[in-house]
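Look at the sequence and the model together. Then use the report to find your way from one part to the next.

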Amino acid sequence: MVTLTIDGQRIQAEEGTTLLEAARDHNIYIPTLCVNEAVSPYGACRLCLVEVTKKERQRLVASCLYFVEEGLIVRTDSERIALIRGMIIELLLARCPKAGEVQELAKRLGVRESRFRVEDENNLCVLCALCTRVCQEVVGQSAISLVNPGTDREVAIPFYDNSDACIACGSCAYICPTEAIKLEDVGDTRIITMPNCRLEFKLKQCPKCGTYWAPEKQLEYMIKKANISPKVFDLCPDCRE
Amino acid sequence: MTTEVREIEDSVGAVLARYQRDEGFLVSILQDVQTKLNYLPREALLKVSQGMEVPLSRVYSVATFFKAFSLKPRGRHLLHVCMGTACHVRGAVRVLDRIEQELGIGSGETTRDLEYTLETVNCVGACALGPVVVVDGEYAGQMTSDKVKHLLESFD
């Protein structure tokens, strides 16, 4: 156990805990956009910025990636932090003016409008990389990744056309905080819409009740991964004995 | 399988043979492949992904991230026109204009005969020589639009 101070509160935390986790355990609010317990921290959104003081030196760190240390003094809401967070949220607002999660955070941080020019008002992707992380770490497929540098950065499948690795599970759409990736089942087809492409996958029909209940590719993947009999997935969950 | 694809796969195979199967070598491997093939064809990235057992999306992510990698065929000669501040004020724009005219391509493009690829860079660290054009790694300093034609001819 290490002892540290967050916003004047003396806190004990297990070694290997991040500042963000320690703060949240004690009901101290730090805004985040790219954190999800399902995947490892990544430090993309920078909203979780906090000020740490060590040996009388102050610096700003991303609390989702910074581990607790003995004697560390942490401030989660100084004037300097408010200024920088405000700037980040303004940039995010200009990038994704229609993203609900961004709007909510801006409201909570007291930012009403962005001083920056909106380039594409329909852009919903904040590049938090939750989708690529969940695909890699949880699903284990890495069907999508972040491509291109700098201002051209975006989520994409390889070559923008190769969806071989995608099993249509929809984890990316589920975890996306801003609905930049959408999932829709229409009849016998699952449609996954990403900012730059639209993917279609066949759904398996239950021979008993006729519902299209799961993507064929996902079932094949599960059968292979768990080494189970394909018979398990003959019927939909509702029709199984 | 076409002979072209086989050639690409053989080249990649030869590069992979020199490396351990460690994702950390990905950039070095792609550099070697590009040195051999002059660019990174789709088949090469597929082969690297298979050979290294690294997801294709990861290979594609790395290949598109660095400006040094090109997914499109590049010319036999690489022209880098420096657009840094020092070169800029000394007329780099005019030099670039003239090169684009002479070659009939824009920045970032390759001539149809695959002889030249033209790119701009933001500073090559030789400001005293500006305007600078780097041709196949050779620095040509104090470039003027009048000297461009001579420069291009000297590399034929």
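The report below covers the ground rules, the two chains, their sheets, their contacts and some unusual backbone spots.

## Ground rules

This is a predicted model, in which local features need pLDDT of at least 70 and side-chain atom pairs count only at pLDDT 80 or more, while totals for chains, interfaces and linings use all residues. Residues are numbered from 1 along each chain as its sequence is written, chains are lettered from A and ligands numbered from 1 in the order in which they are written, and side-chain values use heavy atoms, with hydrogens and water left out.

Helices (H or I, at least four residues) and strands (E, at least two) are DSSP runs, numbered from the N terminus. Domain bounds come from an automatic or database domain assignment.

## Chain A: the sheet of five strands

Start with strands 1 to 5 of chain A. They form an open sheet in the order 2-1-5-3-4, with mixed pairing. Two strands pair if DSSP finds at least two bridges between them. Strand 2 (9–13) and strand 4 (57–62) of chain A are the edges, and each pairs on one side only. On average, neighbouring strands of this sheet are turned by 30 degrees against each other, direction ignored. Axes are lines fitted to C-alpha atoms, for helices over the stretch in contact, and angles run from 0 to 180 degrees between N-to-C directions.

Strand 1 (residues 2–6) of chain A pairs with strand 2 of chain A in the antiparallel sense, over five bridges. There, A:Val2 stands opposite A:Ala13. Helix 2 of chain A lies across strand 3 (49–54), strand 4 and strand 5 (73–75) of chain A. This helix runs at about 150 degrees to strand 3 of chain A.

## Chain A: the sheet of four strands

Further along chain A, four strands form an open sheet in the order 8-9-10-11, with antiparallel pairing. Its edges are strand 8 (182–186) and strand 11 (212–215) of chain A, each pairing on one side only. Neighbouring strands of this sheet are turned by 30 degrees against each other on average, direction ignored. Helix 6 (residues 216–226) of chain A packs on the sheet. The helix touches strand 9, strand 10 (197–205) and strand 11 of chain A, where contact means heavy atoms within 4.5 Å. Its direction makes about 60 degrees with that of strand 11 of chain A.

How many bridges join strand 8 of chain A to strand 9 (residues 189–194) of chain A? The number is five, and the two strands run antiparallel. A:Lys182 stands opposite A:Thr193 in strand 9 of chain A.

## Two domains in chain A

Chain A is divided into domain 1 (2–108) and domain 2 (130–233). Their C-alpha centres lie 31 Å apart. In the contact, 13 residues of domain 1 of chain A meet 10 residues of domain 2 of chain A.

The two domains of chain A bury about 860 Å² between them, and carbon and sulfur atoms give 58% of that area. Buried area is the accessible area (1.4 Å probe) that two parts lose on being put together, summed over both. Three residue pairs are in polar contact between these domains (both residues at pLDDT 80 or more). A polar contact is a pair of N or O atoms within 3.5 Å; within protein, one must be able to donate a hydrogen and the other to accept it, and residues adjacent in sequence count only if both atoms are side-chain atoms. The rule finds zero salt bridges across this domain interface.

## Salt bridges

A salt bridge is a side-chain nitrogen of Lys or Arg within 4 Å of a carboxyl oxygen of Asp or Glu. A search of the whole structure finds 12 over all chains. One of them joins A:Arg115 to A:Glu90, with the closest N and O atoms 2.9 Å apart. A:Arg115 lies in the loop between helix 3 and helix 4 of chain A and A:Glu90 in helix 2 (residues 79–95) of chain A, so the pair ties together parts that are 25 residues apart in sequence.

## Chain B and its contact with chain A

Chain B has seven helices and four strands. It is divided into domain 1 (3–65) and domain 2 (77–154).

Chain A gives 15 residues to the contact between the chains, and chain B gives 10. About 1,100 Å² is buried between them, 62% of it on carbon and sulfur atoms. The rule finds one salt bridge across this interface. B:Arg42 forms a salt bridge with A:Asp161, the closest N and O atoms being 2.9 Å apart.

## Unusual backbone spots

Most residues other than glycine have a negative phi, and most peptide bonds are trans. A:Leu127 has a positive phi, near 60 degrees. B:Glu53 has a positive phi of about 55 degrees. A cis peptide bond joins B:Gly130 and B:Pro131, with omega about -10 degrees.
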